[in-house]
Amino acid sequence: MKTFQTSANYTAYLHPRAGLIVQSTRKAGGAVMKPEHPQFTDYVEAFESAIDTHEADSLCKALLA
């Protein structure tokens, strides 16, 4: 499992079978984006090229919304 983001607000992982997993560190629950999802590749590329923690947190927030 590859870790994309760990901050005070969010954690994001890439699991080989489950897909993209995003969790809030302050609230229960999270989101899973399966590899079959049409935007999966776009989100993975966005996490891999995130400039800083603020940008990665914004991606996590968008997935949880």
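For charge counting, Lys and Arg are positive and Asp and Glu negative, with His and the chain ends left out; each charge sits at NZ of Lys, CZ of Arg, CG of Asp or CD of Glu. This is a predicted model, where local features need pLDDT of at least 70 and side-chain atom pairs count only at pLDDT 80 or more, while totals for chains, interfaces and linings use all residues. Residues are numbered from 1 along each chain as its sequence is written, and side-chain values use heavy atoms, leaving out hydrogens and water.

**Exercise 1.** Work out how far apart the mean positions of the positive and negative charges are.

*Solution.* Start with the tally: 6 positive and 7 negative charges. Now take the mean position of each set, and you get 11 Å between them.

**Exercise 2.** Find the order of helices and strands along the chain.

*Solution.* Take DSSP runs: helices are H or I of at least four residues, strands E of at least two, numbered from the N terminus. That gives two helices and four strands. Reading along the sequence, the pattern is β-β-β-β-α-α.

**Exercise 3.** Track down the aromatic pair and classify its geometry.

*Solution.* Rings of Phe, Tyr and Trp (its six-membered ring) pair if their centres lie within 6.5 Å; planes under 30 degrees apart are stacked, over 60 edge-to-face, the rest tilted. The whole structure yields one pair. The ring centres of Phe 4 and Phe 47 are 5.4 Å apart with planes at 15°, so they're stacked. Next, place them: Phe 4 is in strand S1 (residues 2–6) and Phe 47 in helix H1 (residues 40–48), 43 residues apart.
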